[in-house]
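Here are my notes on this entry, set out as numbered points. Please read them with the structure open.

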Amino acid sequence: MFRQTKAVLQKLRHLSFNGQQHTWRLKSTSAERALQYQPGQKIHGFTVKEVVAVPDLFLTAVKLTHDKTGAQYLHAAREDSNNLFSVQFRTTPMDSTGVPHILEHTVLCGSEKYPCRDPFFKMLNRSLSTFMNAFTASDYTMYPFSTQNGKDFQNLLSVYLDAVFFPCLREQDFWQEGWRLENENPTDPSSPLVFKGVVFNEMKGAFSDNESLYAQHLQNKLYPDHTYSVVSGGEPLAIPDLTWEQLKQFHATHYHPSNARFFTYGDLPLEQHLKQIEEEALSKFERIDPNTEVPPQPHWSSPREDHVTCSPDALAPDPSRQNTLCVSYLLGDITDTFEGFTLSLLSSLMISGPNSPFYKALIEPKMGTDFSSVVGYDGSTKEASFSIGLQGMAEEDTERVKEIISQTIDDIIASGFEEERIEALLHKIEIQMKHQSTNFGLSLASYIASSWNHDGNPVQLLQISNSVAKFRQTLTENPRFLQDKVKQYFKENTHRLTLSMSPDEAYLEKQAQAEEEKLQKKIQALSDSDKKEIYEKGLELLAAQSKTQDTSCLPALKVSDIEPTIPITPVQISTAGGVPVQYCEQPTNGLVYFRAMCSLNTLPEDLRLYVPLFCSVITRMGSGGLDYRQQAQQMELRTGGMSVSTQVIPDSTQLDMYEQGILLSSSCLDRNLPHMFQLWSDIFNSPHFDDEERLRVLVMSSAQELANGISYSGHTYAMTRACRHLTPAGDLQESFSGMEQVKFMKRIAEMPDLSQVIRTLPRIKKHLLNPDNMRCAVNATPQKLSDTATQLESFIRDIADNRKERKPVRPNITERPLDPLDDCGPCRKLISELNFQPCQMKTFFKMPFPINFVSESIRTVPFSHEDNASLCILARMMTAKFLHGEIREKGGAYGGGAKMGGGGLFSFYSYRDPNSVQTLSAFRKGVDWAKSGQFTQQDIDEAKLSVFSAVDSPVAPANKGMSRFLSGVTDEMKQRHRERLFAVTHENLVDVAQRYLSIGQRTCGVAILGPDNETINKDPSWIVK
Ligand SMILES: [Zn+2]
């Protein structure tokens, strides 16, 4: 995977800091034990350097170095069973051949101890891992995994260590993963030679996304003198310049313990990790000087400007406004922890939310559809940067936008920030730290990765309250502290780049032409015997890919290692003011989580398409006595966020039954509960809808976000579309979150006058925000539950005027008790369309990117049906044992597989796929393979492990009991399904493949998103959009 660190870090930055000093309670025995390590202590070849208690995060940090090689190690001991390991190497390429990225892929093609191809992918099926991945950033490559099982941890650690330190790096692996010349049809020597390779295609896909393209250019041009000036993931046209020798050389110098940083997290003992890492890897190396440091970027004496082009976006909310412009500033070194902390906080004050100066100055005048995707503080490079600018703007506004940016900076220097905004930000951070997430170890690993990569102190980064204290202190001593920083880094900084990007109608054509020229140059250099060799190598690769793999070398858990039963999550069903409420006691660390599900059964059908828009604006336009700015400020000061989303919940017993609604979600510190309910009451009783200017801002940014998301999650759009005509729930899902919704929002964004939308929103509100159609859920600590119940009663009283008896628009409503043991208690109201006629449909969406997303979906059986478990296992097994090989390894797509959806729809998909209709045949071949029964008990057991690792993935205290609340699936029903999963046999799998997936057995739908397609254009069975 190639990761542009920016997006990740934006999320992780929220881990950042805490406004309060906690008294250190020894809440955690793992953290307590770890405090006993002493600096200077020797353990399995390592020396302890530092032991630090970090009470804010309930952990103890232990820093070590490896004596012989100098490898660095950080352990975070914390009472969390979701243990994590990661190893990262500083990888600083000096060209754009994508060598670190191709290496990341190639080390996963087999190693000395585990010579079978793709051990990572195969371990997915032999492990109960909760996360396994590898990714390449601009200046490091990281390999993390997490698991809740101790034996599994050792297994995975062994595979990871062997992969990174002792990979085979065969020439054939390099061709498959990197690039190669090959006959288009490898079995036909007369077919034309083309470029192939997984990374080659992945990067073509990545740069078909204009946001990624822009982010890449911006970084390359702001840091033009060293490693950040090249594309670490690989520039598609530079990738074919890489040789196998260069790849091996890069591995030898970069994937060495002397250039490695190890991180472990969780409740497993540190000694065991150190022992295994020493014995299996580090003891076999001598220290080297890796010489991978990144020198400081020389500062410019005057600002620069540059321009780049991209492909036009057919889905842009306003086709005449497709320019992007940003001003980017080079900041200080990220290893200065306090400076980084200050600048990150400053960045939030400058750009986050409707009260920030840049939001007021750039977004509200609607100069563009939204901020550019790269805005804000970026600490992913050795020296940080800050960018500010817009996407979706008109070319003629360029000068105006530049002026506004510089004027806003002057204004900030003159007037500073309101104290309340700084407090709101610190409050937000307190909440984010208390919120218990399920992947805390992974968040920490990513949070410290960049600074540690350049020898910053990772322990200092974790001691967030030190930074907060210092921040408060500094601000007291110098109230102009932040303004001075703005002056220093923005006003007086001559190392800044103004980069604009505009669409070029001929962009894709030029790209294709450049690729063709590159290809022809390579081909012209070939002799006849070279061509013959290419043909033979192509056949060899095909043969290798088709050969059944012996995976017996890999360690594996057994099905008997899986817990036979699930722990029960007790909930209580009660009512508050006549509204059903589910209470769930959880260790939420002082937070209260409140959710309300509101049915949309009474909503007229013609308003359905507006529901997602309603959800995205209802908490952001102001309510009661608060305008939208004050409302946003109150939400930040008093809550952990308030949001509303659409819900389509298929029934667990009937394919043609479903519940439709919206879900209100929010959280707060328990002391702020009355404030949070007050904010919700205002939204129910007097939401503001009439501010057309505000609405337009929100509409533009929603439409832009949807349009941007397609090149990234095209497979989801393809699957949603393929399911559309198969069940009523599938149809609604397409309206809410499919291509239909994308096009609808584009239409709204293009409307010159939004008054019709403004008239519609209150109509929707009357149907949705009605206590008669509502049920609530609360997750809180036992101490807080009764207080929450009282406050909830009063909230329901406050909104009682919104009650109104209304008739459902569809006649067939089925009621299901919320508590299955209590038929007379409160109910969920489901729509049943038992006369629904599924139909076959093949839809093609012509898109402005050079790769395809292909999907086929088949109507099968719901969750409670006895065959559902077999279909779940089958999907997993087909993915691992057949489709991955066909679609990724042979087909060159980034990914592909099959999955059994919650609504009883079995879907095949491919991701960033150079093929289109050919992939549909691969799906069919997968079905034939399953029907033929050519798989072993081992294959089935592996699929079971893989399914269970998803079923048993950790659930955060905030989300416990939610599947029961939303879909009525109780722990007993889950246990029954679990037992069926365990019981699935070879015979069952062949049988369900035959009965459900064979052509003609069931109704299926097909959808493809991709570039103009000759085959499809000529085939009248396709609907082309
Ligand atoms: Zn990749």
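1. Is the crossing of α3 and α7 left-handed or right-handed? The crossing is right-handed. Keep in mind throughout that this is a predicted model.

2. The geometry of that helix pair can be stated in two values. Helix α3 covers residues 99–106 and helix α7 covers residues 198–206. Their axes lie 10 Å apart, and the packing angle is about 125°. An angle between 115 and 145 degrees falls outside the parallel, antiparallel and perpendicular classes, so α3 counts as oblique to α7.

3. The residues at this contact can be listed. From α3 come H101, I102 and H105. In α7 they meet V198, V199, E202 and M203.

4. Next, strand β30, residues 1004–1010. Seven of its seven residues are buried. Both faces are covered. On one side sit C1004, V1006, I1008 and G1010; on the other, G1005, A1007 and L1009. In a regular strand, side chains alternate between the two faces of the sheet.

5. Which strands pair with β30? Strand β26, residues 841–846, pairs with β30 in the parallel sense, over six bridges. Here F844 has I1008 as its bridge partner. Strand β27, residues 852–859, runs antiparallel to β30 and is also joined to it by six bridges. In that pairing, F853 is bridged to L1009. Both of these β30 partners, I1008 and L1009, are buried, and they belong to opposite sides of the strand.

6. Now the nonpolar cores. The largest has 139 residues. Within that core, I388 and I662 touch the most other members. A second core of 85 residues is separate, and includes A34, F85, W175 and L270. As a general tendency, nonpolar side chains in soluble globular proteins are buried together.

7. What does I388 contact, once neighbours within four places in sequence are left aside? The partners are L325, C326, V327, Y329, I351, F358, L362, F371, V375 and I405. I388 is thus worth selecting on screen alongside these residues.

8. Last, a loop residue. N291 lies between α10 (270–280) and β12 (304–310). Is N291 buried or exposed? Its relative accessibility is 60%, and the cut-off for exposed is over 50%, so N291 counts as exposed. T253 is 38 residues away from N291 along the chain, yet the C-alpha atoms of the two are separated by 8.5 Å.

Notes. Residues numbered from 1 in each chain as written. Predicted model: local features only at pLDDT ≥ 70, side-chain atom pairs only at ≥ 80, totals over all residues. Heavy atoms only, no water. Core = buried A, V, L, I, M, F, W, Y, C linked by side-chain atoms within 4.5 Å. Buried < 20%, exposed > 50% of the residue type's maximum accessible area, 1.4 Å probe, protein only. Contact = heavy atoms within 4.5 Å. Helix = DSSP H or I, 4+ residues; strand = E, 2+ residues; numbered from the N terminus. Pairing = 2+ DSSP bridges. Axes fitted to C-alpha atoms, helices over the stretch in contact; angles between N-to-C directions. Parallel < 35°, antiparallel > 145°, perpendicular 65-115°, else oblique. Left-handed = near helix turned anticlockwise from the far one by under 90°.
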